[in-house]
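Biologist: I have a chain on my screen and plenty of labels I would like explained. Could you take me through the reasoning behind them?

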Amino acid sequence: MRNILLISLLFAGMSFSMLSCDDEETYAEQKAREAKQINAFIADHDIDVISMEKFLRDTVTLNPDENPESNRNEYVLFPDNGVYMQIVRRGDGHNILSGENWLNARYLELYIATGDTMTMNLLNTTADVFHVTRTGDSYSSSFVSGVMSTVYGTTVPNSWIMSLPFITPGFYNGESSAKVRIISPHNEGTQKAAQNVYPVFYEISISTAKCQ
């Protein structure tokens, strides 16, 4: 709990700083700044952007983590909302089932403008838990417990939900879990990101969980 409170206080200070710097910007100027930050992040991390058309042929994003011999670091761009996603590994399980599902998440959230860590639970004794309901091809989700729910509330960022059709998480963490990396613009992130117009980077390991 102490770690969560420290993260919350640090993030609150960061949020105040962003607001005080940006309170005279128009929304158009904020979006232009965000686009520059995302483009700089892509360039700095040697990211190879692939189209949705190419991705859907085999739903594979090449990356050095899964294939050390690969010289490509591919992220697919979702053109409708500006999310970039890399599937590092799908997981050693099954697709998210129709009906109710309980998932664990180990994650890292970076502030793209500076590369600073905003929140994470990698050092916590427990993972974040979120509940997913799948109806056909539609997914809805909410956080049940963990750092994300403490800092941001129960709403799961849409950029997280977008990864669910493409992964097959197994039970417990480790190699059986799915792992994705996401560049999330403000409109597909948390409520704080949406309000303050800033992009974030997520690295998330997702595994299946039993209802506690």
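Modeller: Happily! One definition to begin with: a residue counts as buried when its relative accessible area is under 20%. Please keep in mind that this is a predicted model.

Biologist: What makes strand E2 largely enclosed by the rest of the structure?

Modeller: With that cut-off, 4 of the 5 residues of E2 are buried, so the strand is largely enclosed by the rest of the structure. Strand E3 (residues 83-89) is also largely enclosed, because 7 of its 7 residues are buried. For the chain as a whole, buried residues make up 50% of the 212 residues.

Biologist: How do you know that E2 and E3 pair?

Modeller: Pairing requires at least two bridges between two strands. E2 and E3 have 3 bridges, in the antiparallel sense, so they meet the rule. One bridge joins Leu 77 to Tyr 84 in E3. The hairpin of E2 and E3 has 4 residues between the strands, and Gly 82 there takes a positive phi near 80 degrees.

Biologist: Which other strands pair with E3 and E2?

Modeller: E3 pairs with E8 in the antiparallel sense over 5 bridges, and Met 85 has Ile 182 in E8 as its bridge partner. E2 pairs with strand E1 (residues 48-50) in the parallel sense over 3 bridges. There, Asp 48 stands opposite Glu 74 in E2. Overall, the chain has 6 helices and 9 strands.

Biologist: Why is Ser 163 called buried?

Modeller: Its relative accessibility is 1%, and the cut-off is under 20%, so Ser 163 counts as buried. Ser 163 lies in the loop between helix H5 (158-161) and strand E8 (178-184). Leaving aside neighbours within four places in sequence, Ser 163 is in contact with Met 85, Val 180 and Ile 206.

Biologist: What makes the link from Ser 163 to Trp 160 a polar contact?

Modeller: The side chain of Ser 163 reaches the backbone oxygen of Trp 160 at 2.7 Å. The limit for a polar contact is 3.5 Å, and the 2.7 Å value falls within that limit.

Biologist: Why is the pair of Phe 41 and Phe 201 called tilted?

Modeller: Ring centres must lie within 6.5 Å to pair, and planes that are neither under 30 degrees nor over 60 degrees apart are tilted. Phe 41 and Phe 201 have their centres 5.4 Å apart and their planes at 40 degrees, so the pair is tilted. Phe 41 sits in helix H2 (residues 27-44) and Phe 201 in strand E9 (residues 200-208), 160 residues apart, and the pair links these distant parts of the chain. Phe 41 counts as buried at 7% relative accessibility, and Phe 201 counts as buried at 8%.

Biologist: What makes the pair of Phe 78 and Phe 166 tilted?

Modeller: Their ring centres are 6.4 Å apart and their planes stand at 55 degrees, so this pair is tilted. Phe 78 is in strand E2 (residues 74-78) and Phe 166 is in the loop between H5 and E8, so the pair ties together parts that are 88 residues apart in sequence. Phe 78 and Phe 166 are both buried. The count comes to 9 aromatic pairs, and ring pairs link Tyr 107, Phe 130, Phe 143, Trp 160 and Tyr 202 into a cluster.

Biologist: Which residues touch the most other members of the largest nonpolar core?

Modeller: In that core of 38 residues, they are Phe 78, Met 85, Phe 130, Trp 160, Leu 164, Tyr 202 and Ile 204. A second, separate core has 11 residues, including Ile 38, Ile 47, Leu 108 and Ile 112. In soluble globular proteins, nonpolar side chains tend to be buried together.

Biologist: Why is Ala 113 called partly exposed?

Modeller: Partly exposed covers the range between the buried cut-off of 20% and the exposed cut-off of 50%. Ala 113 has a relative accessible area of 37%, so it is partly exposed. Ala 113 is placed in the loop between strand E4 (99-111) and strand E5 (116-120). The C-alpha atoms of Ala 113 and Tyr 198 are separated by 8.0 Å, although the two residues are 85 residues apart along the chain.

Definitions and conventions
Residues numbered from 1 in each chain as written. Predicted model: local features only at pLDDT ≥ 70, side-chain atom pairs only at ≥ 80, totals over all residues. Heavy atoms only, no water. Helix = DSSP H or I, 4+ residues; strand = E, 2+ residues; numbered from the N terminus. Buried < 20%, exposed > 50% of the residue type's maximum accessible area, 1.4 Å probe, protein only. Core = buried A, V, L, I, M, F, W, Y, C linked by side-chain atoms within 4.5 Å. Polar contact = N/O pair within 3.5 Å; in protein donor to acceptor, adjacent residues only side chain to side chain. Contact = heavy atoms within 4.5 Å. Phe/Tyr/Trp six-rings, centres within 6.5 Å; stacked < 30°, edge-to-face > 60°.
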